[in-house]
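Please work through the following exercises with the model at hand. Each task is followed by a solution in steps.

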Amino acid sequence: MMLQNQYDIIIIGAGPAGLIAAIESYKSSEKILILEKMHNPALKLRISGKGRCNITNNAVLEDFISHFGKNGRFLKFAFANFFNTDLIKYFEKLGVQFKLERGERYFPKNDDAGEIAKALLNKVKLLNIPISTNSEVINITKLPDKKFTITINKNAKHIQKNAQRIQIKADKIVLATGGKSYPRTGSTGAGFKLASQLGHTITPISPSIVPIEIKGNAAKKLQGLSLKNVKAQVWCGNKKADERFGEMLFTDFGLSGPIILSLSKTVVKLVDDKEKVFISIDLKPALDHKMVERRIIREITEHSKQGFKHLLKKLLPGKLVSVFIKKLKISEEKQLNQINSEERRKLRMLLKEFQFEVAGYRSFNHAIVTSGGICIKEINPQTMESKLVKGLYFAGEIIDVDADTGGFNLQAAFSTGWVAGRS
Ligand SMILES: Cc1cc2nc3c(=O)[nH]c(=O)nc-3n(C[C@H](O)[C@H](O)[C@H](O)COP(=O)(O)OP(=O)(O)OC[C@H]3O[C@@H](n4cnc5c(N)ncnc54)[C@H](O)[C@@H]3O)c2cc1C
């Protein structure tokens, strides 16, 4: 498409935040343009929720905000004006139907994240808002005439002779370039540099909702094993830093799955602070130590002539049996009526506190969201406008707010985009 020299509003980034900002800023009298660096818009949105898009959560406002940690309060105004039920109605009007699943999570009825992207893009098209794709913004300056000059690398990824450097002007801009996670979807953290060049502070960024790497090869041996209904706790010295109940997964490098991803923010912070961190898994969270002891004794009494391996098979998923035998240093053939109280204690402790020392965390390439970003103190929460640069607005993951899994992050992207657009 041919770009003009001057626009009223330019939105940088065609993710969920940028697209809703464009729709909500639309006035027939104003010239709006969306600039997107990738060949296709909304790539991350299309793969969200494993391609099913967990668009939001049905939690009540206070609970919803608590999932964002201390910066959640910044979103109060945005959520008060455009919250979960508003978002669902918004997309229903655009023709998408939803279902509510376990954990109060909303998904499109047909399990297709692409439908959410398509609904937004159809609306953008209906309003005749142009999207210039393959258009990477590489510089933004504010001129004395109060307009922004935006430098674009057009077709940078295509045949070199087609690559063009273009400058266009805008009265207002919305920076909705996302975070730095999953860079192959286009969000490479470029927006942080653009904002910092305009004078903004960037709260240090780190991967969040990210798998955890474990020392040694214990996790690797259990690769592929998924555990349901377990409790995972993060320990630093004698202090429990966090805990979650639910499902987790062992991988070739360590731990992943819903509860580990939810704990990752705490783990990343402790690792960055150079702390020694352990993840302790309670394999029998419904039973306290006394109940586990009683269960072990019952099995021993009922199968007294069987070997130790038989007892472990009764208590554990198959893949864990050999790992437990090695850790407990008890022969798998030892007859159960020969198991003494110290061996029973060791088994009980391992069932309740199966520990892994954290080696680190995976990179931005594997992180669902980016923690950190544009400092919230420098953004007006009622308009999403910069407090430092008039006419500059922020929306979505570029802002220093992030939550755990459950649909919270997309709601934040849509709500901040909605407010930025309306402002
Ligand atoms: C695998 C995965 C699954 C996820 N699943 C869920 C889920 O189910 N529920 C949930 O709530 N959240 C989920 N998230 C998080 C959620 O997708 C993001 O928080 C959300 O997409 C952020 O929206 P955004 O518009 O701010 O940024 P993005 O979606 O990252 O969009 C930013 C856009 O800006 C463009 N851009 C970047 N730099 C430039 C530039 N210099 N010039 C021009 N364009 C640029 C990018 O190409 C991109 O299209 C998931 C994330 C991942 C990676």
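The exercises below move from the whole chain to its parts.

This is a predicted model, in which local features need pLDDT of at least 70 and side-chain atom pairs count only at pLDDT 80 or more, while totals for chains, interfaces and linings use all residues. Residues are numbered from 1 along each chain as its sequence is written.

**Exercise 1.** Describe the protein chain as a whole.

*Solution.* Step 1: the secondary structure comes to 14 helices and 18 strands; helices (H or I, at least four residues) and strands (E, at least two) are DSSP runs, numbered from the N terminus. Step 2: the C-alpha trace spans about 85 × 40 × 40 Å along its principal axes. Step 3: 42% of the 423 residues count as buried, that is, 20 or more other C-beta atoms, placed from the backbone, lie within 10 Å of the residue's own.

**Exercise 2.** State the domain bounds and the separation of the domain centres.

*Solution.* Step 1: the bounds come from an automatic or database domain assignment. Step 2: domain 1 covers 6–206 + 372–422, and domain 2 covers 211–361. Step 3: the C-alpha centres of domain 1 and domain 2 lie 41 Å apart.

**Exercise 3.** Characterise the shell around the ligand.

*Solution.* Step 1: a residue belongs here if its C-beta atom, placed from the backbone, lies within 6 Å of the molecule. Step 2: there are 40 such residues, and Gly13, Gly15, Gly178, Gly186 and Gly396 come nearest. Step 3: elements giving two or more residues to the shell include α1 (16–25), β7 (135–142) and α7 (190–197). Step 4: the shell divides into 20 nonpolar, 15 polar and 5 charged residues; Gly counts as polar.

**Exercise 4.** Trace the barrel and locate the helix lying across its strands.

*Solution.* Step 1: the closed barrel of 6 strands runs β11-β14-β13-β12-β15-β16 with antiparallel pairing, where two strands pair if DSSP finds at least two bridges between them. Step 2: β11 (residues 212–214) and β16 (residues 354–361) pair over 3 bridges, and Glu213 has Gly360 in β16 as its bridge partner. Step 3: helix α9 (residues 258–272) lies across strands including β11, β13 and β16, at about 140 degrees to β13; angles run from 0 to 180 degrees between N-to-C directions.

**Exercise 5.** Which residues of α7 are buried, and against which strands do they pack?

*Solution.* Step 1: the buried residues of α7 are Ala190, Gly191, Phe192, Leu194 and Ala195. Step 2: these residues pack against β7, β9 (164–175), β10 (202–208) and β17 (369–374).

Methods
A residue is buried if 20 or more other C-beta atoms lie within 10 Å of its own, exposed if 12 or fewer, and partly exposed in between; C-beta atoms are placed from the backbone. Two residues are in contact if their C-beta atoms, placed from the backbone, lie within 7 Å.
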